[in-house]
Each structure stands twice: as C-alpha cells, then as structure tokens.
Amino acid sequence: MRPAHIALASLVAAVWGVNFVVIEIGLDHFPPLLFSALRFLAAALPAVFFVGRPKVAWKWIVGVGSVLGVAKFGLLFMGMDSGAPAGLSSLIVQIQAVFTALFAFTVLGERPGRVRAAGMAVALAGIAVAAVDEGTSGPLLGFALVIAAAACWGVSNVLTRKASPPDALNFMVWVSTVPVLPLLALSLFMEGADRDLAALSSLDWTGAGVVLYVAWVTTIFGFGAWGWLLRRHPASSVAPFSLLVPVFGMSSAFLILDEPVSPLRWCAAALLVGGVALTTLPGRRKPRPAVPQQEPLTTGRA
C-alpha cells in the first residue's frame, strides 16, 4: 500500500475508535434508540439523493439494514447506555471477527483453518478476561449487550458478503434508510414519547455535533473510505488496520473521558486483538496438482 493509503486506513481506524467516545457523549443528550435512529436519518439524508439507485437487490439492503442498523447499533447504544465503558466497548465489538468466521462456516461453508481456529480461541479467552474485569468493576448487562451487538455485526458481515455490493458508499447510504422508522418505533415503545420529545426539544450544538459525527464522519466518510481502499487493495492488506480501532478507542476514552484501564483490561486487549489478528490471516491455498507434461509428438522421420 502507498503511504497515503496507509495514512487513510489509519485515519479511518482513528475515526471509528474515537466514535465510541462520541457515542458516550451523545448518550448524555439522547435515549439510545432515538440516538441511533437520528444517526441513520442524518446518514441517509440528503446523501440518498446523490449516490444513485441501489446497486444490489433490495433484500440485501433490507437485511443488512435490519441486522446492522436496528439490531447491532441498537444493542451497542443500549449496552453503552447501560454502563459499558466506551473504551471497553471499542475492544469488545472486535469479537465480531470471530462471529463472522462462525457464521460464514455455518451459512457459507467457509471452514476456518487451524491458525484461524486458534485465533478464535485466543480472542474468546480475551472476552473471558474482559468479563472477569467487568464483573468486578461494572454492570454485566451492558457488557452482554455489546457482545450481542458484535454477534449481529457478524451476521451483517455475512449478508454483506452475499450481497457483494460494487459500491460501498452507495450500499451504506441505502442501508441507512432502513433502520430509521423501526428504531423510532422501538424508541417510542421502550423509551417513551415524553423522553424522546424532551431530548429533541433540548437539542444543543453538542447534541447536533455528535449526531453529525456518527452519521457523516463515521458512516459516510468511514465506510466510504474503507470501501475505496478495499477496491484498490486485497482485503488481507486493509482488514488488519481495523485492529487499531480499540487502540484509538481506549486511548481516546482515557484522554477525553478519564476512563481507567485496569491491568486485566490490558490483558484482555492483548488477547482479543492478537486473536482477531490471527483470524484475519489469509488461509493457505492448497497447491494445485501438477499437470503431467506430454512427450512431444514425433513425425516418424529419421
């Protein structure tokens, strides 16, 4: 990869890592499901009028929009609202790589090799260490909701792979149109109209800023740039940069939110990031059988 492309991949990882701190700030202004709905509303409008028609079947847009938008981000925002720290959440969601491998094996028949299986085991050990740390210092409900969000992310990754969108930005913008109404309905049912109206009526510059960051910077720029990189480089070259997300997430949470990082959490981070790194390694290709060479034909002449 060119140095400029390496810098862009690192910038996207930084944007996604800092996003967890921004979400934490936004949850002080909005109920989690309403916040998630506003995020996708801002990501979809007005971009949907400029990206052109969808380039994949609607079933994939609705499927990914429901699993990624409604389930994954709804659970993530609820988990963080229930007490899961921003830095820890940025680390835990990386277990999506393990869920992706498991679901790809179940649905697509993609059998992980020994190295990837070992990586999955190491990453799960990291989750166990993080659970022990969270059990002594924070609410397990938020921790469990973030893990459930990571599982939904794994499902959406498999659906996205099946959809094979030729334009990541176009796909993400149209996917963002799907969760808005379901999330608003869930917010009205679970969080209440009074709480939603109070949050919207007290909207200030900080609240508007966090919505625009998670919508335009994280979603539009982040996924658009990531898709641009994937179209120009092998996935095995681009994917490892996502391992920088928890580094930026935990660092920014420590610097901005003064979130402590215990020795157990550092241990969990090392295990989880190392395990996910192993799962991203390309599998060994089976050597192609050698084609026996035919002896040259003779003409029968001396």
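Visitor: If exposed means over 50% relative accessible area, buried under 20% and partly exposed in between (1.4 Å probe, protein chains only), which residues of α9 are buried?

Guide: The buried residues of α9 are V180, L183 and S187. They lie on the same side of α9, because they cover an arc of only 70 degrees around the axis; the arc is that of the directions from the helix axis to the C-beta atoms. On the other side of α9, the residues L181, L188 and F189 are exposed. Helices here are DSSP runs (H or I, at least four residues), numbered from the N terminus.

Please note that this is a predicted model, in which local features need pLDDT of at least 70 and side-chain atom pairs count only at pLDDT 80 or more, while totals for chains, interfaces and linings use all residues. Residues are numbered from 1 along each chain as its sequence is written, and side-chain values use heavy atoms, with hydrogens and water left out.

Visitor: What do the buried residues of α9 pack against?

Guide: They pack against α2, α3, α8 and α10, the last of these spanning 193–201. A contact means heavy atoms within 4.5 Å. Just after α9, G192 has a positive phi of about 95 degrees.

Visitor: Which element has the highest mean pLDDT, and which the lowest?

Guide: Helix α9 (residues 180–190) has the highest mean, 97, and helix α12 (residues 235–238) the lowest, 66. The pLDDT is the predictor's confidence in each residue, from 0 to 100. For the chain, the mean is 84, and 89% of the residues reach 70 or more. Over residues 285–302, however, the pLDDT is below 50, and this stretch has zero contacts in the model beyond near neighbours in sequence. Where pLDDT is low, the predicted coordinates should not be read in detail.

Visitor: Changing topic: how many disulfides turn up?

Guide: A search of the whole structure finds zero, a disulfide being a pair of cysteine sulfur atoms within 2.5 Å. As for individual cysteines, C152 counts as buried because its relative accessibility is 17%, whereas C267, at 36%, counts as partly exposed.

Visitor: And what does W153 touch?

Guide: Leaving aside residues up to four places away in sequence, W153 touches L68, K72, V93 and Q96. W153 is found in helix α7. Its C-alpha atom is 8.8 Å from that of A97, although the two residues are 56 apart along the chain.

Visitor: Where is there a cis peptide bond?

Guide: It joins L45 and P46, with omega about 5 degrees. P46 is placed in the loop between α2 (32–44) and α3 (58–81). Most residues other than glycine have a negative phi, and most peptide bonds are trans.

Visitor: Then where is the residue S164, and what is the phi of S164?

Guide: S164 has a positive phi near 50 degrees and is in the loop between α7 (140–163) and α8 (168–177). D258 also has a positive phi, near 55 degrees, and lies in the loop between α13 (245–256) and α14 (263–279). With 61% relative accessibility, D258 counts as exposed.

Visitor: Last one: what lines the largest cavity?

Guide: Its lining consists of P54, K55, V56, I61, P165, P166, D167, N170 and F171. The volume of the largest cavity is about 30 Å³. On a 1 Å grid over the protein atoms alone, a cavity is a set of points where a 1.4 Å probe fits but cannot get out, and lining residues have an atom within 4 Å of a point. Grid points are joined across faces, edges and corners, and a volume is the space filled by probe spheres set on the points.

How values were computed
Helix = DSSP H or I, 4+ residues; strand = E, 2+ residues; numbered from the N terminus. 1 Å grid on protein atoms, 1.4 Å probe; cavity = no way out; pocket = protein on both sides within 12 Å on 5 of 7 lines; lining within 4 Å.
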